[in-house]
Amino acid sequence: NKRLKDVEISVPIVYGTMAFWLGKKASESQSHKWTVYVRGATNEDLSAVIKRVVFQLHPTFTNPTRVVESPPFELSECGWGEFEIAISIFFHSDACDKQWTLFHHLKLYAEEEFCPLSTKKPVVVESYDEIVFPDPSEAFFARVQNH
Ligand code: SLL
């Protein structure tokens, strides 16, 4: 598979979490419903680049290793506490053999001192990043161009 010298593919992504307090439906072990996700920065489809995403949750969850094989690359759960989520991104084999692991801190409670718990207003924390593929293979380059 021929590589294209002096070409670079840059894929802008956003990853993060969104958490809703469950209000009247909240219990001690399930006070919030949250979603962790990886998405294109302007919502572009990432399936030409990403093969699967593995979310590694806190060991208090049953089956804490969660594999998502197709977009949307996201996972929803109910829980009670904040913790660090390891997000491993696996690429198609013609793009990159190595996976890339990001760390994101799940936030359930807003920072602001006088912010009341609300079931309507989620707590959202997102990060922006770019996945850069230097000297991409011809096949990968063609697929991304046509996508
Ligand atoms: C804490 N270090 O003590 C953190 C750990 C773990 C949160 C938080 C499990 C939910 C379930 C869950 O929310 N774990 O068991 O269904 O705050």
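Follow the chain from its start, and the pattern along the sequence reads β-β-β-β-β-β-β-β-α, which amounts to 1 helix and 8 strands, where helices (H or I, at least four residues) and strands (E, at least two) are DSSP runs numbered from the N terminus. What you have open is a predicted model, in which local features need pLDDT of at least 70 and side-chain atom pairs count only at pLDDT 80 or more, while totals for chains, interfaces and linings use all residues. Residues are numbered from 1 along each chain as its sequence is written.

**The whole chain.** Show the C-alpha trace, which spans about 60 × 30 × 20 Å along its principal axes. Of the 147 residues, 20% are buried; a residue is buried if 20 or more other C-beta atoms lie within 10 Å of its own, exposed if 12 or fewer, and partly exposed in between, with C-beta atoms placed from the backbone.

**The open sheet.** Next select β4, β3, β6 and β7, which form, in that order, an open sheet of 4 strands with antiparallel pairing; two strands pair if DSSP finds at least two bridges between them. At the edges stand β4 (65-68) and β7 (100-105), each with a single partner strand, so one side of each is left without a neighbour in the sheet. Now keep β3 and β4, whose antiparallel pairing runs over 4 bridges, and find F55, which stands opposite R66 in β4.

**The nonpolar core.** The largest nonpolar core (a set of buried Ala, Val, Leu, Ile, Met, Phe, Trp, Tyr and Cys residues joined through C-beta atoms within 7 Å) has 24 residues, and V36, V38, I50, V53, F55 and I87 have the most contacts inside it. Two or more residues of this core come from each of β1 (8-21), β2 (32-40), β3 (50-56), β5 (73-79) and β6 (84-91). Centre the view on I50, which touches F73, I89 and F91 when residues up to four places away in sequence are not counted; contact here requires C-beta atoms, placed from the backbone, to lie within 7 Å.

**Around the ligand.** Select S29, H58, T60, F61, G79, W80, G81, E82 and F83, the residues around the ligand, each with its C-beta atom, placed from the backbone, within 6 Å of that molecule.

**The end of β8.** Finally, go to P134 in strand β8 (residues 123-134). Is P134 buried or exposed? P134 is exposed, because 12 other C-beta atoms lie within 10 Å. Add L4 to the selection: P134 and L4 are 130 residues apart in sequence but 8.5 Å apart in space, C-alpha to C-alpha.

Terms used: Two residues are in contact if their C-beta atoms, placed from the backbone, lie within 7 Å.
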